[in-house]
Amino acid sequence: MTNDTNRGGLTAAPSARPLPDALPRDGYGPLSLYAPVRPAVDHDLSDNTNQWGAPPSVAAALGGVNPVVLTQYPAQPTTALLEAIARYNGVTDARAVMASCGSDDLLDCMMRGLARPGDRIALSWPSFSMVPYFARTNGLEPVLLPFTHDWDANADALLAANARITYLCAPNNPTGTPLTERTVQRVLDEANGVVVIDEAYAEFSSRTWAKEAETHGRLVVTRTMSKAFGLAGMRVGYAIGHPALLHEIEIARGPYKIGALSDLAATTALTHDAAWMRDRAADAIAARTWLTSALLNMGLAPLPSEANFVLVPVPDASAVAARMAEGGILVRAFTALPGVGDALRITVGPPGVMTRCIALLSESLAVHA
Ligand SMILES: *Cc1c(COP(=O)(O)O)cnc(C)c1O
């Protein structure tokens, strides 16, 4: 028995932009969400799961976890997690939220669910490398456009691409730079297709579009538990948007993408550790300020970051990064980034790690001078 969320039956707020046409996607029409009804029973013999229990070594390694969490399929949808996400983001209706195994997966699924092979996805470049990757694996054409000289998105160019999906990353990875409110608003007002704002680093930034996403109609905001919340290993990301859009993404995704332990970890963190996270995000912002001035003091020109990393142009970045790795610190090297050239992307960390990183960077640059 399934419980379809009444595709298209949910109407947008009067001010919202209408859904783009051609939704649902051709061929998805007959599909409905997999949502088995699971009444509380003594023995669930409906899913072919192991009725003798979980492997003892796993149960032991996971200490206090109820073995049923291990042996049974998780609930679909994961209501407690969706409600925790909605609360954390100030979203009033949990139907405007969906979660999956990382926001990567949501980007992948939205390219299938909201676009068709041959459609375009437009984005400013350089940005998150998985976007053109997933575009290609889903048969979409990525249209990579230059940023403005001060690292804002070029709204004219993005709108002129007339793409099915316009991807904005705010703050942007790998540059760390924010987008101006004016540019985002203009793209939201004028883009013909769906706009996605990737907010993987929103907790380190001053602006989020999560609230607008609930009512806009054509905006999907993606966020993650992987960065500020410190749960990258658990693989949980989420999207906020109009329920009718999320429904299409959910159809493309299919059920059971979040493991029960990941669900538990994300729900617990959102419910009990938002204050811990905010303190750590404040630590990261302080570290970012420190790292940025240390790099400036070295005569380098780091980009102004609103994320938990700093991109700094250096010549011969791969060789410098390799040398730093020998000294015990791994940073990400980029070669010939458009508008930047060679650069290192350095994640911020506690003061001791940052001072060691700067010392190692100075040494490595001296060797390569
Ligand atoms: C890290 C990152 C993600 C990945 O998030 P997951 O939830 O771990 O899949 C998404 N977008 C950007 C821009 C990122 O930097």
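# Reasoning through a predicted model

User: Where is Gly299 found?

Analyst: Gly299 is found in the loop between helix 11 and strand 8. Keep in mind that this is a predicted model.

User: Why does Gly299 count as exposed?

Analyst: The cut-off for exposed is over 50% relative accessible area. Gly299 has 62% relative accessibility, so Gly299 counts as exposed. As for distance, the C-alpha atoms of Gly299 and Gly233 are separated by 36 Å. Those two residues are 66 apart along the chain.

User: Met298 is in the loop between helix 11 and strand 8. What makes Met298 partly exposed?

Analyst: Buried ends at 20% and exposed begins over 50%, with partly exposed in between. Met298 has a relative accessible area of 28%, so Met298 falls in the middle class.

User: Which residues does Met298 touch, not counting those up to four places away in sequence?

Analyst: Met298 touches Ile358, Leu361, Ser362 and Leu365. Contact here means heavy atoms within 4.5 Å. Take Leu361: 63 residues separate Met298 from Leu361 along the chain, and their C-alpha atoms are separated by 9.8 Å.

User: Is Ser103 buried or exposed, and how do you know?

Analyst: Ser103 has a relative accessible area of 8%. Buried means under 20%, so Ser103 is buried. Ser103 lies in helix 4, residues 103-113. Its contacts, leaving aside neighbours within four places in sequence, are Thr222, Arg223, Thr224 and Gly237.

User: Why is strand 6 called mostly covered?

Analyst: Strand 6 spans residues 219-224, and 6 of its 6 residues are buried. Each therefore has under 20% relative accessible area. Leu219, Val221 and Arg223 point one way, while Val220, Thr222 and Thr224 point the other way. Both sets are buried.

User: How do you know that strand 5 and strand 6 pair?

Analyst: Pairing needs at least two bridges between the strands. Strand 5 (residues 194-198) and strand 6 are joined by 4 bridges, so they pair. They run parallel. Ile197 stands opposite Val221 in strand 6.

User: Which order do the strands take in the sheet of 7 strands?

Analyst: The order is 1-7-6-5-4-2-3. The sheet is open, and its pairing is mixed.

User: What makes strand 1 and strand 3 edge strands?

Analyst: Strand 1 (97-100) and strand 3 (141-146) each have a single partner strand. One side of each is therefore left without a neighbour in the sheet, and both stand at the edges. From one strand to the next, the twist averages 25°.

User: How do you know that strand 2 and strand 4 pair?

Analyst: The bar is at least two bridges. Strand 2 (residues 120-125) and strand 4 (residues 165-169) share 3 bridges, so they pair, in the parallel sense. One bridge links Ile121 with Ile165 in strand 4.

User: At about what angle to strand 1 does helix 3 run?

Analyst: Helix 3 runs at about 120° to strand 1 and lies across strand 1, strand 6 and strand 7 (237-241). Helix 9 (residues 243-253) packs on the sheet too, and its direction makes about 20° with that of strand 1. Helix 9 touches strand 1, strand 5, strand 6 and strand 7.

User: How many strands form the open sheet with the order 8-10-9?

Analyst: That open sheet has 3 strands, with antiparallel pairing. Strand 8 (309-313) and strand 9 (332-337) are its edge strands: each pairs on one side only. The twist averages 25° from one strand to the next.

User: How do you know that strand 8 and strand 10 pair?

Analyst: There are 5 bridges between strand 8 and strand 10 (residues 341-347), against a requirement of at least two, so the two strands pair. They run antiparallel. Phe309 has Thr347 as its bridge partner in strand 10. Helix 11 (residues 274-297) packs on this sheet, touching strand 8 and strand 10. The direction of helix 11 makes about 10° with that of strand 8. Helix 12 (residues 317-326) lies across strand 9 and strand 10, at about 30° to strand 10.

User: How much space lies in the largest pocket?

Analyst: About 670 Å³. The pocket is lined by 29 residues, and the closest to its centre are Arg38, Val68, Val69, Gln72 and Tyr73. By class, 14 lining residues are nonpolar, 11 polar and 4 charged. Helix 2 (67-71), helix 3 (79-89) and helix 10 (260-272) each supply at least two residues of the lining.

Terms used. Residues are numbered from 1 along each chain as its sequence is written. This is a predicted model: local features need pLDDT of at least 70, side-chain atom pairs count only at pLDDT 80 or more; totals for chains, interfaces and linings use all residues. Side-chain values use heavy atoms; hydrogens and water are left out. On a 1 Å grid over the protein atoms alone, a cavity is a set of points where a 1.4 Å probe fits but cannot get out, and a pocket is an open set with protein on both sides within 12 Å along at least five of seven lines; lining residues have an atom within 4 Å of a point. Grid points are joined across faces, edges and corners, and a volume is the space filled by probe spheres set on the points. Ala, Val, Leu, Ile, Met, Phe, Trp, Tyr, Cys and Pro count as nonpolar, Asp, Glu, Lys and Arg as charged, and the others, Gly among them, as polar. Axes are lines fitted to C-alpha atoms, for helices over the stretch in contact, and angles run from 0 to 180 degrees between N-to-C directions. Buried means under 20% relative accessible area, exposed over 50%, partly exposed in between (1.4 Å probe, protein chains only).
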